[in-house]
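Welcome! Here are some short exercises to work through with the sequence and the 3D view side by side. Try each task before you read its solution.

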Amino acid sequence: MSTVEPKIEAVIGVDIGGTNIKIVFVDPRQGNVIDQVDLKTSAELGADAIVGELGTTLAAMMLKARGDGIQVGVLGVGCAGVIDIQRGSVLVSPNLPGWEGFPLQEKLIQILRIPVRVFNDVDCIGYAEYRLGGSELGNFLCIALGTGVGGSLILGGKVWRERGTSAGEIGHMTIQPDGERCLCGNRGCLETLASAGWLVRRAEERLRQGFASTLRDDLEGNGSLKAEYIQQAAQEGDGLAQELFNLVGTSLAIAIANVVQLLGIQSVVIAGGLANGWDFFIGPLQKELNQRLTMVRPPDFKVVRTELGHYAGALGAAYLATEAGEL
Ligand SMILES: [Zn+2]
């Protein structure tokens with residue numbers, strides 16, 4: 001049996017979220033994606049089983065790549081939650097229950113025998129925007145609107161996050177002093193006003209209170225709502241759906257104005273599944289921002305929607321791992 005001498009050194013990027021895991025193989029010199037795969041995350045299986053399955057999949061992909069003359073140099077992983085970057089472990093992750101203290105980096109090194117770096121998932125999305133995004137962003141804040149609200153600051157081309165801290169976690173900035181109790185324990189966090197999870201929760205609550213809305217048919221027909229239904233209802237002119245997206249926009253604007261006042265960032269990039277509701281929240285967001293940023297609005301300040309797709313986080317993890325020395 002003849003062996004093929006590896007000619008290309010590739011980097012693997014992985015994005016571990018609450019519902020699926022995205023994997024990309026990247027040739028960092030050309031910047032092209034060699035291979036990409038999605039795995040479903042069964043959160044109830046727990047960290048060991050999920051990472052075991054991920055390791056098996058990656059090992060098989062690495063073996064196949066080796067046959068094509070591709071050697072993997074390093075693996076970068078973006079993971080939802082607060083990450084200890086030095087140790088590569090998960091400190092807290094509300095969307096990955098049971099992962100607290102999980103030594104993700106150590107486990108993957110044991111399985112794959114290659115260098116592994118672990119980062120926060122939204123840091124990876126923000127870094128991908130910096131490296132691959134279409135617009136001139138300058139110093140910027142990346143906000144990921146998903147089940148929760150994640151955030152990442154990219155200042156001077158680097159991720160602004162000391163090891164394992166909450167720097168950039170805009171989702172837990174207080175917007176309503178006496179608001180709803182957030183998963184984090186605080187009240188009135190941005191996450192309780194502008195995440196897909198809370199959008200659904202709030203819509204269901206209003207329906208229970210007797211608000212008239214076409215969403216009632218969705219709730220009664222399916223037993224529960226999804227952010228997509230609320231988006232569809234807003235599209236069709238439903239008053240309740242539009243009011244809820246209005247709340248998303250104004251709440252985001254208050255948080256963004258606070259960050260701009262403090263840091264003088266030049267732009268904000270909005271990513272995540274709920275960014276699909278862009279048309280319904282960007283109007284209220286801009287209006288509220290104009291009312292709040294009255295004094296020190298940086299020239300050309302802009303709020304833009306991500307132009308990167310499904311694999312942004314995995315790509316960012318690959319680039320961050322390649323350039324880990326600069327973190
Ligand atoms: Zn919170």
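**Exercise 1. Find the domains and describe how they meet.**

Solution. Keep in mind that this is a predicted model. Start with the domain assignment of the protein chain: domain 1 covers 8-127 + 311-326, and domain 2 covers 135-305. Next, look at the spacing: the centres of the two domains, taken over C-alpha atoms, are separated by 27 Å. Now turn to the contact, to which domain 1 gives 18 residues and domain 2 gives 16 residues. On the side of domain 1 that touches domain 2, the elements giving two or more residues are β5 (82-84) and α3. Of these, α3 gives the most, with 6 residues. Finally, sort that side of domain 1 by class: 9 residues are nonpolar, 5 polar and 4 charged.

**Exercise 2. Trace the open sheet that contains β1, and say which helices pack on it.**

Solution. Write down the strand order first: the 5 strands run β3-β2-β1-β4-β7, with mixed pairing. The ends of that order are the edge strands, β3 (32-40) and β7, each of which pairs on one side only. Ignoring direction, neighbouring strands are turned by 20° against each other on average. Then zoom in on one pair: β2 (residues 20-27) and β3 are antiparallel, joined over 8 bridges. Within this pair, Asn20 has Lys40 of β3 opposite it. Now add the helices. α1 packs on the sheet and touches β1 (8-16), β2, β3 and β4, its direction making about 150° with that of β3. Helix α10 (residues 312-322) also packs on the sheet, touching β1, β2, β4 and β7, at about 130° to the direction of β1.

**Exercise 3. Which residues of helix α2 are buried, and how are they placed around its axis?**

Solution. Go to residues 104-112, which form α2, and pick out the buried ones: Leu104, Gln105 and Leu108. These residues cover an arc of only 95° around the axis, so they lie on the same side of α2. A general rule helps here: an α-helix has 3.6 residues a turn, so residues three or four places apart point the same way. Next, ask what lies over the buried residues of α2: the cover includes α1 (47-67), β4 (70-79), β6 (89-92) and β7 (116-120). To finish, step past the end of α2 to Arg113, whose phi is positive, near 60°.

**Exercise 4. Trace the other open sheet, the one with β8, and find its edges.**

Solution. The order of its 5 strands is β10-β9-β8-β11-β12, and the pairing is mixed. β10 (158-159) and β12 (302-305) each have a single partner strand, so one side of each has no neighbour in the sheet. In the antiparallel pair of β8 (residues 140-145) and β9 (residues 149-155), there are 6 bridges. Here Ala144 is opposite Gly150 of β9. Helix α3 (residues 121-132) packs on this sheet, touching β8, β9, β10 and β11 (267-271), and its direction makes about 45° with that of β9.

**Exercise 5. Is Ala271 buried or exposed?**

Solution. Locate Ala271 in strand β11. Then count its C-beta neighbours inside 10 Å: there are 25, so Ala271 counts as buried. Leaving out residues up to four places away in sequence, Ala271 touches Ile125, Cys142, Ala144, Thr306 and Ala312. As a last step, compare chain and space: Ala271 and Val304 are 33 residues apart along the chain, and 9.1 Å separate their C-alpha atoms.

Definitions and conventions:
Residues are numbered from 1 along each chain as its sequence is written. This is a predicted model: local features need pLDDT of at least 70, side-chain atom pairs count only at pLDDT 80 or more; totals for chains, interfaces and linings use all residues. Two strands pair if DSSP finds at least two bridges between them. Helices (H or I, at least four residues) and strands (E, at least two) are DSSP runs, numbered from the N terminus. Two residues are in contact if their C-beta atoms, placed from the backbone, lie within 7 Å. Axes are lines fitted to C-alpha atoms, for helices over the stretch in contact, and angles run from 0 to 180 degrees between N-to-C directions. Domain bounds come from an automatic or database domain assignment. Ala, Val, Leu, Ile, Met, Phe, Trp, Tyr, Cys and Pro count as nonpolar, Asp, Glu, Lys and Arg as charged, and the others, Gly among them, as polar. A residue is buried if 20 or more other C-beta atoms lie within 10 Å of its own, exposed if 12 or fewer, and partly exposed in between; C-beta atoms are placed from the backbone. The arc is that of the directions from the helix axis to the C-beta atoms.
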